[in-house]
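Let's take a walk through the empty space in this protein. Where are the gaps, and what surrounds them?

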Amino acid sequence: MKTKLEFSMKMIFFLTACVSVAAVALICFFMFANGIPAMHKIGFTEFIFGLKWKPELEQFGIFPMIVGSIIVTAGAIVIGVPVGIMTAIFMARFCPACFYPVMRHGVNLLAGIPSVVYGFFGLTAIVPVIRTVFGGSGTSILAASIVLAIMILPTIVSVSETSLRAVPSLYFEGSLALGACKERSVFFAELPAAKSGIIAGVILGVGRAVGETMAVIMVAGNQAVLPHGLTKGIRTLTANIVLEMGYAAGLHREALIATAVVLFFFILVINFIFMMTKHSAE
(Lines give C-alpha, C1' and ligand atoms only; values in the text may rest on other atoms or scores of the structure.)
Protein backbone atom coordinates (compact mmCIF):
# COMPACT_ATOMS: atom_id res chain seq x y z
CA MET A 1 0.00 0.00 0.00
CA LYS A 2 2.80 2.37 0.92
CA THR A 3 4.65 1.59 -2.30
CA LYS A 4 1.57 2.33 -4.43
CA LEU A 5 0.95 5.60 -2.57
CA GLU A 6 4.56 6.67 -3.05
CA PHE A 7 4.39 5.80 -6.73
CA SER A 8 1.11 7.72 -7.16
CA MET A 9 2.53 10.84 -5.45
CA LYS A 10 5.70 10.58 -7.51
CA MET A 11 3.63 10.49 -10.71
CA ILE A 12 1.55 13.47 -9.57
CA PHE A 13 4.69 15.52 -8.88
CA PHE A 14 6.15 14.45 -12.21
CA LEU A 15 3.01 15.45 -14.11
CA THR A 16 2.83 18.86 -12.44
CA ALA A 17 6.48 19.44 -13.31
CA CYS A 18 5.75 18.46 -16.92
CA VAL A 19 2.83 20.92 -17.03
CA SER A 20 5.14 23.73 -15.92
CA VAL A 21 7.76 22.86 -18.54
CA ALA A 22 5.08 22.46 -21.22
CA ALA A 23 3.64 25.89 -20.39
CA VAL A 24 7.04 27.52 -20.87
CA ALA A 25 7.57 25.58 -24.11
CA LEU A 26 4.17 26.65 -25.49
CA ILE A 27 4.83 30.29 -24.65
CA CYS A 28 8.20 30.13 -26.40
CA PHE A 29 6.69 28.38 -29.43
CA PHE A 30 3.89 30.94 -29.78
CA MET A 31 6.22 33.92 -29.49
CA PHE A 32 8.92 32.63 -31.80
CA ALA A 33 6.46 31.28 -34.37
CA ASN A 34 4.84 34.71 -34.67
CA GLY A 35 7.79 36.97 -33.90
CA ILE A 36 10.60 35.55 -36.05
CA PRO A 37 8.66 35.93 -39.35
CA ALA A 38 7.95 39.55 -38.43
CA MET A 39 11.66 40.20 -37.91
CA HIS A 40 12.32 38.64 -41.30
CA LYS A 41 9.72 40.88 -43.00
CA ILE A 42 10.95 44.06 -41.34
CA GLY A 43 14.63 43.14 -41.44
CA PHE A 44 16.51 42.05 -38.36
CA THR A 45 18.92 45.01 -38.36
CA GLU A 46 16.18 47.54 -39.05
CA PHE A 47 13.99 46.03 -36.31
CA ILE A 48 16.63 45.77 -33.58
CA PHE A 49 18.70 48.87 -34.36
CA GLY A 50 16.11 51.09 -36.03
CA LEU A 51 15.53 54.42 -34.31
CA LYS A 52 12.00 55.12 -35.51
CA TRP A 53 8.81 53.45 -34.35
CA LYS A 54 6.04 54.68 -36.65
CA PRO A 55 3.54 51.88 -37.37
CA GLU A 56 1.50 54.09 -39.72
CA LEU A 57 4.59 54.33 -41.96
CA GLU A 58 5.56 50.69 -41.32
CA GLN A 59 8.73 51.74 -39.52
CA PHE A 60 9.35 49.36 -36.64
CA GLY A 61 12.65 50.18 -34.95
CA ILE A 62 12.75 49.16 -31.28
CA PHE A 63 16.27 50.27 -30.37
CA PRO A 64 15.00 53.25 -28.31
CA MET A 65 12.78 50.87 -26.31
CA ILE A 66 15.66 48.45 -25.75
CA VAL A 67 17.84 51.27 -24.44
CA GLY A 68 14.96 52.55 -22.32
CA SER A 69 14.39 49.14 -20.73
CA ILE A 70 18.09 48.74 -19.95
CA ILE A 71 18.44 52.22 -18.43
CA VAL A 72 15.28 51.98 -16.32
CA THR A 73 16.24 48.52 -15.05
CA ALA A 74 19.79 49.67 -14.28
CA GLY A 75 18.43 52.69 -12.41
CA ALA A 76 16.15 50.47 -10.33
CA ILE A 77 19.11 48.20 -9.50
CA VAL A 78 21.36 51.11 -8.50
CA ILE A 79 18.69 52.55 -6.19
CA GLY A 80 16.87 49.46 -4.97
CA VAL A 81 19.56 46.83 -4.42
CA PRO A 82 21.68 48.74 -1.84
CA VAL A 83 18.57 49.89 0.03
CA GLY A 84 17.09 46.39 0.00
CA ILE A 85 20.25 44.66 1.22
CA MET A 86 20.86 47.23 3.95
CA THR A 87 17.25 46.89 5.09
CA ALA A 88 17.62 43.10 5.21
CA ILE A 89 20.81 43.42 7.29
CA PHE A 90 19.06 45.77 9.71
CA MET A 91 16.06 43.46 10.07
CA ALA A 92 18.18 40.33 10.51
CA ARG A 93 20.83 41.63 12.91
CA PHE A 94 20.18 45.15 14.23
CA CYS A 95 16.41 45.63 14.46
CA PRO A 96 14.99 45.84 18.01
CA ALA A 97 12.58 43.00 18.81
CA CYS A 98 9.72 45.39 19.50
CA PHE A 99 10.15 47.13 16.15
CA TYR A 100 10.71 44.01 14.01
CA PRO A 101 7.00 43.08 13.53
CA VAL A 102 6.32 46.57 12.19
CA MET A 103 9.18 46.25 9.68
CA ARG A 104 8.17 42.71 8.71
CA HIS A 105 4.52 43.63 8.10
CA GLY A 106 5.58 46.76 6.22
CA VAL A 107 7.73 44.77 3.82
CA ASN A 108 4.96 42.20 3.31
CA LEU A 109 2.50 45.00 2.62
CA LEU A 110 4.81 46.44 -0.04
CA ALA A 111 4.82 43.05 -1.76
CA GLY A 112 1.02 42.97 -1.91
CA ILE A 113 0.41 46.45 -3.32
CA PRO A 114 -0.79 46.35 -6.98
CA SER A 115 1.55 47.86 -9.54
CA VAL A 116 -1.05 50.43 -10.61
CA VAL A 117 -1.02 51.82 -7.07
CA TYR A 118 2.76 52.19 -7.26
CA GLY A 119 2.27 53.98 -10.57
CA PHE A 120 -0.33 56.30 -9.07
CA PHE A 121 2.01 57.05 -6.15
CA GLY A 122 4.81 57.85 -8.57
CA LEU A 123 2.52 60.04 -10.66
CA THR A 124 1.24 62.05 -7.70
CA ALA A 125 4.30 62.15 -5.42
CA ILE A 126 7.54 61.50 -7.32
CA VAL A 127 6.76 63.12 -10.68
CA PRO A 128 5.79 66.53 -9.16
CA VAL A 129 9.03 66.61 -7.15
CA ILE A 130 11.12 65.89 -10.24
CA ARG A 131 9.15 68.50 -12.18
CA THR A 132 9.80 71.09 -9.46
CA VAL A 133 13.50 70.32 -9.03
CA PHE A 134 14.57 69.60 -12.60
CA GLY A 135 11.80 71.13 -14.69
CA GLY A 136 10.06 69.51 -17.60
CA SER A 137 7.02 67.24 -17.32
CA GLY A 138 8.44 65.10 -14.51
CA THR A 139 7.54 61.83 -16.22
CA SER A 140 11.00 60.50 -16.90
CA ILE A 141 13.60 57.77 -16.60
CA LEU A 142 14.39 58.94 -13.07
CA ALA A 143 10.76 58.67 -11.96
CA ALA A 144 10.41 55.20 -13.46
CA SER A 145 13.67 54.04 -11.85
CA ILE A 146 12.59 55.25 -8.41
CA VAL A 147 9.17 53.58 -8.68
CA LEU A 148 10.70 50.31 -9.86
CA ALA A 149 13.30 50.46 -7.08
CA ILE A 150 10.50 50.68 -4.52
CA MET A 151 8.65 47.81 -6.20
CA ILE A 152 11.61 45.40 -6.08
CA LEU A 153 12.42 46.14 -2.43
CA PRO A 154 10.09 43.49 -0.90
CA THR A 155 11.61 40.68 -2.95
CA ILE A 156 15.21 41.68 -2.24
CA VAL A 157 14.58 42.33 1.46
CA SER A 158 12.69 39.08 2.09
CA VAL A 159 15.12 36.77 0.30
CA SER A 160 18.22 38.54 1.64
CA GLU A 161 16.96 38.47 5.21
CA THR A 162 16.14 34.77 4.96
CA SER A 163 19.63 34.10 3.58
CA LEU A 164 21.28 36.03 6.40
CA ARG A 165 19.28 34.21 9.06
CA ALA A 166 20.25 30.87 7.47
CA VAL A 167 23.98 31.56 8.02
CA PRO A 168 25.22 29.39 10.94
CA SER A 169 25.75 31.35 14.13
CA LEU A 170 29.31 30.00 14.30
CA TYR A 171 30.33 32.53 11.63
CA PHE A 172 29.21 35.44 13.77
CA GLU A 173 30.44 34.01 17.05
CA GLY A 174 33.81 33.05 15.58
CA SER A 175 34.30 36.55 14.22
CA LEU A 176 33.48 38.05 17.63
CA ALA A 177 35.88 35.62 19.27
CA LEU A 178 38.65 36.88 17.00
CA GLY A 179 38.07 40.42 18.21
CA ALA A 180 35.80 41.88 15.51
CA CYS A 181 32.96 44.18 16.48
CA LYS A 182 29.33 43.31 15.73
CA GLU A 183 29.13 45.43 12.59
CA ARG A 184 32.36 44.02 11.17
CA SER A 185 31.24 40.48 11.96
CA VAL A 186 27.98 41.00 10.09
CA PHE A 187 29.49 42.67 7.03
CA PHE A 188 32.67 40.62 6.69
CA ALA A 189 31.64 37.20 8.02
CA GLU A 190 27.90 36.69 7.63
CA LEU A 191 27.24 38.78 4.52
CA PRO A 192 29.77 36.93 2.31
CA ALA A 193 28.37 33.61 3.56
CA ALA A 194 24.87 34.68 2.49
CA LYS A 195 26.03 36.02 -0.88
CA SER A 196 24.43 33.24 -2.91
CA GLY A 197 20.95 33.82 -1.47
CA ILE A 198 21.27 37.59 -1.75
CA ILE A 199 22.16 37.32 -5.44
CA ALA A 200 19.10 35.09 -5.92
CA GLY A 201 16.95 37.82 -4.35
CA VAL A 202 18.49 40.42 -6.66
CA ILE A 203 17.75 38.20 -9.67
CA LEU A 204 14.09 37.90 -8.66
CA GLY A 205 13.87 41.65 -8.09
CA VAL A 206 15.44 42.48 -11.45
CA GLY A 207 13.05 40.05 -13.13
CA ARG A 208 10.12 42.00 -11.71
CA ALA A 209 11.66 45.31 -12.75
CA VAL A 210 12.19 44.16 -16.34
CA GLY A 211 8.67 42.79 -16.69
CA GLU A 212 6.83 45.64 -14.97
CA THR A 213 4.45 47.52 -17.23
CA MET A 214 1.63 49.51 -15.65
CA ALA A 215 3.67 51.57 -13.20
CA VAL A 216 6.26 52.35 -15.89
CA ILE A 217 3.57 53.46 -18.34
CA MET A 218 2.25 55.95 -15.79
CA VAL A 219 5.56 57.65 -14.94
CA ALA A 220 8.06 57.08 -17.77
CA GLY A 221 6.63 59.49 -20.34
CA ASN A 222 6.20 56.85 -23.09
CA GLN A 223 8.30 58.60 -25.73
CA ALA A 224 9.69 56.18 -28.32
CA VAL A 225 12.97 58.08 -28.71
CA LEU A 226 16.52 57.61 -27.47
CA PRO A 227 16.94 59.13 -23.99
CA HIS A 228 18.87 62.38 -23.67
CA GLY A 229 18.96 62.57 -19.88
CA LEU A 230 17.55 61.03 -16.71
CA THR A 231 14.80 63.65 -16.59
CA LYS A 232 13.57 62.89 -20.12
CA GLY A 233 10.76 60.54 -21.06
CA ILE A 234 11.32 57.05 -22.41
CA ARG A 235 9.33 54.01 -23.50
CA THR A 236 10.20 50.47 -22.44
CA LEU A 237 9.61 47.23 -24.36
CA THR A 238 6.76 46.18 -22.09
CA ALA A 239 5.08 49.58 -22.32
CA ASN A 240 5.35 49.52 -26.10
CA ILE A 241 3.52 46.19 -26.28
CA VAL A 242 0.73 47.13 -23.87
CA LEU A 243 0.09 50.59 -25.34
CA GLU A 244 -0.42 49.39 -28.91
CA MET A 245 -1.51 45.74 -28.83
CA GLY A 246 -5.17 46.66 -28.32
CA TYR A 247 -5.54 48.20 -31.79
CA ALA A 248 -2.62 46.64 -33.70
CA ALA A 249 -3.23 44.48 -36.76
CA GLY A 250 -1.21 42.86 -39.52
CA LEU A 251 2.50 43.59 -39.54
CA HIS A 252 2.08 46.01 -36.65
CA ARG A 253 0.75 43.23 -34.42
CA GLU A 254 3.48 40.86 -35.56
CA ALA A 255 6.10 43.50 -34.75
CA LEU A 256 4.72 43.79 -31.21
CA ILE A 257 4.98 40.01 -30.80
CA ALA A 258 8.54 40.22 -32.10
CA THR A 259 9.13 42.87 -29.44
CA ALA A 260 7.98 40.32 -26.86
CA VAL A 261 10.56 37.89 -28.27
CA VAL A 262 13.30 40.48 -27.76
CA LEU A 263 12.04 41.12 -24.22
CA PHE A 264 12.08 37.38 -23.53
CA PHE A 265 15.66 37.14 -24.78
CA PHE A 266 16.56 40.23 -22.76
CA ILE A 267 15.29 38.59 -19.55
CA LEU A 268 17.16 35.37 -20.35
CA VAL A 269 20.41 37.28 -20.80
CA ILE A 270 19.99 39.13 -17.50
CA ASN A 271 19.22 35.90 -15.64
CA PHE A 272 22.20 34.18 -17.27
CA ILE A 273 24.54 36.98 -16.23
CA PHE A 274 23.31 36.91 -12.65
CA MET A 275 23.42 33.11 -12.50
CA MET A 276 27.03 33.16 -13.69
CA THR A 277 27.77 35.78 -11.04
CA LYS A 278 26.09 33.60 -8.42
CA HIS A 279 28.04 30.55 -9.58
CA SER A 280 31.35 32.41 -9.36
CA ALA A 281 30.37 33.70 -5.90
CA GLU A 282 29.86 30.13 -4.69
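Before we start, a word on terms: a pocket is an open set of grid points with protein on both sides within 12 Å along at least five of seven lines, and its lining residues are those with an atom within 4 Å of a point. Helices here are DSSP runs of H or I with at least four residues, numbered from the N terminus. Keep in mind that the model is predicted.

With that in hand, look at the largest pocket, which holds about 190 Å³ of space. Helix H12 (251-281) supplies at least two residues of its lining, as do helix H1 (2-42) and helix H2 (44-49). H12 takes the largest share, giving 5 residues. Go round the wall and you meet Phe32, Met39, Phe44, Ile48, Ile66, Leu237, Val261, Val262, Phe265, Phe266 and Val269. What classes of residue make up this lining? It has 11 nonpolar residues, with no polar and no charged ones.

Now for space that is closed off. The count comes to 1 cavity of 30 Å³ or more, and the volume of the largest cavity is about 50 Å³. Which helix gives the most to its lining? That's H3, with 3 residues; helix H3 (63-94) and helix H9 (195-211) each bring at least two. The residues around this cavity are Ser69, Val72, Thr73, Leu148, Ala209, Val210, Glu212, Val216, Thr236, Thr238 and Phe266. By class they split into 6 nonpolar, 4 polar and 1 charged.

One residue to pick out in the viewer is Phe266: it is in the lining of the largest pocket and also in that of the largest cavity.

Methods. Residues are numbered from 1 along each chain as its sequence is written. This is a predicted model: local features need pLDDT of at least 70, side-chain atom pairs count only at pLDDT 80 or more; totals for chains, interfaces and linings use all residues. Side-chain values use heavy atoms; hydrogens and water are left out. On a 1 Å grid over the protein atoms alone, a cavity is a set of points where a 1.4 Å probe fits but cannot get out, and a pocket is an open set with protein on both sides within 12 Å along at least five of seven lines; lining residues have an atom within 4 Å of a point. Grid points are joined across faces, edges and corners, and a volume is the space filled by probe spheres set on the points. Ala, Val, Leu, Ile, Met, Phe, Trp, Tyr, Cys and Pro count as nonpolar, Asp, Glu, Lys and Arg as charged, and the others, Gly among them, as polar.
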